[in-house]
Amino acid sequence: MGTRVYSLYSLSPVISELREIKDEDEIKVLKKAAKIADKMFYKLMDEELEGKSEKELANMIEYMMKNEFDADGVSFDPIVASGPNGANPHHTPSTRKIRKGDVVIFDYGAKYLGYCSDITRTVVVGSPSEEVKKVYEIVKESQETAFQQVKEGITAGDIDSAARNVIAKYGYDKYFIHRTGHGLGIDVHEEPYISPGNTKLLKEGMVFTIEPGIYLHGKFGIRIEDDVVVLNKKGVRLTEAERELIIVD
């Protein structure tokens, strides 16, 4: 008998491409996951933030989404980054307690029926400085500009450029140190990636984040993130929590 030769091929690229497009039922579930994230943000805003540690708030996010808002769990370990810790976009919550004057980044997501949401909001405890107000408005303009560009047929890289160009216009381009977004679905990071030069065309049913940020070492960071779906050939936000600068007393 002759020797048989078998070839093995990875199906990951094929599966990844199939998962890029969400059907109507999947979008409904993703919208529910997004609504849980929205509710959690308003619950946080009812809390006395000053004096609580980053870890304490991160644990509260996980507990409350599961036990009060019917999430299956979290999409990823919640990020709470206060003061200078906010200049690290991937900060791990620490025992640092939030102080008056801190800029605080909340980045978290709910998992619901196996699908993920991902939201980031930035708030200020006490009175924000003029610099904080200026940078916040730049990030908000960047995020809104990128969102307004979303439509079927545009490239993922075009969305990234739209966000990046606004920040560059104000001279903060070197402080935007990550891609503009990523796809959402069963995984919290999947195709399409909203990154520089990505020529992938956006299609009906694609769901992804738009999350520009500015990170000033030793001072603070600001990021605003929403989940967006391409629906009826244009972008629709799934996360809808307040995007204006919130000042917590």
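What span should the 14 residues of helix H3 have at 1.5 Å a residue, and how far apart are its end C-alpha atoms? Hi everyone, let me start there. Helix H3 covers residues 54–67, and its expected span is 20 Å. The end C-alpha atoms of H3 are 20 Å apart, so the expectation and the model agree. One thing to keep in mind throughout: this is a predicted model.

Let's stay with H3 and look around it. Which residues of H3 are buried? They are Glu-54, Leu-57, Ala-58, Met-60, Ile-61, Met-64 and Met-65. These residues cover an arc of only 160° around the axis, which means that they sit on the same side of H3. Turn to the other side of H3 and you find Asn-59 and Tyr-63, which are exposed.

And what do the buried residues of H3 pack against? Their partners are helix H2 (24–45) and four strands: E1 (73–74), E2 (79–82), E3 (103–108) and E4 (110–112).

Let me take the H2 partner a little further. When we talk about two packed helices, we give the angle between their axes and the distance between the axes. For H2 and H3, the axes come within 11 Å and cross at roughly 130°. H2 and H3 are therefore oblique to each other. On the H2 side, the contact is made by Ile-36, Met-40, Lys-43 and Leu-44, and on the H3 side by Leu-57, Met-60, Ile-61, Met-64 and Met-65. The crossing of this pair is right-handed.

Now please scroll along to the next pair of helices, H4 and H5. Helix H4 runs over residues 130–149 and helix H5 over residues 156–169. They pack at an angle of about 150°, with 8 Å between their axes. That angle is why we call H4 roughly antiparallel to H5. H4 also passes H5 in a right-handed crossing.

Who meets whom here? From H4 we have Ile-138, Glu-141, Ser-142, Thr-145, Ala-146 and Gln-149. They meet Ile-159, Ala-162, Ala-163, Val-166, Ile-167 and Lys-169 of H5.

We can repeat the length check on both helices. H4 has 20 residues, so at 1.5 Å a residue it should span 28 Å; its end C-alpha atoms are 29 Å apart, which agrees. H5 has 14 residues and reaches 20 Å from its first C-alpha to its last, close to the 20 Å expected.

As for burial, the buried residues of H4 include Val-132, Val-135, Tyr-136 and Phe-147. In H5, the buried residues include Ala-156, Gly-157, Ile-159 and Asp-160. The buried residues of H5 pack against H4 and also against strands E8 (190–194), E9 (207–210) and E10 (213–216).

Just after H5, have a look at Gly-171, which takes a positive phi of about 85°. Keep going into the loop between H5 and strand E7 (181–183), and you reach Phe-176. Is Phe-176 buried or exposed? Its relative accessibility is 4%, so Phe-176 counts as buried. Leaving aside neighbours within four places in sequence, Phe-176 is in contact with Ala-163, Arg-164, Ile-167, Pro-212 and Gly-213.

Another buried residue worth a visit is Thr-120, in strand E6 (residues 119–125). Thr-120 has 0% relative accessibility, and therefore counts as buried. Not counting residues up to four places away in sequence, Thr-120 touches Ile-105, Phe-106, Asp-107, Arg-223, Ile-224 and Glu-225. Thr-120 and Asp-227 are 107 residues apart along the chain, yet their C-alpha atoms are separated by 9.7 Å.

I'll finish with some backbone details. In strand E8 we find Pro-192. The peptide bond from Glu-191 to Pro-192 is cis, with omega near 0°.

Then there are positive phi values outside glycine. Leu-113 has a positive phi of about 50°, and it lies in the loop between E4 and strand E5 (115–116). Leu-113 has a relative accessible area of 54%, so it is exposed. Lys-233 has a phi near 70°, and its place is the loop between strand E12 (226–231) and strand E13 (234–237). With a relative accessible area of 58%, Lys-233 is exposed.

Thanks for listening, everyone!

Technical notes:
Residues numbered from 1 in each chain as written. Predicted model: local features only at pLDDT ≥ 70, side-chain atom pairs only at ≥ 80, totals over all residues. Heavy atoms only, no water. Helix = DSSP H or I, 4+ residues; strand = E, 2+ residues; numbered from the N terminus. Expected span 1.5 Å × (residues − 1). Buried < 20%, exposed > 50% of the residue type's maximum accessible area, 1.4 Å probe, protein only. Arc of directions from axis to C-beta. Contact = heavy atoms within 4.5 Å. Axes fitted to C-alpha atoms, helices over the stretch in contact; angles between N-to-C directions. Parallel < 35°, antiparallel > 145°, perpendicular 65-115°, else oblique. Left-handed = near helix turned anticlockwise from the far one by under 90°.
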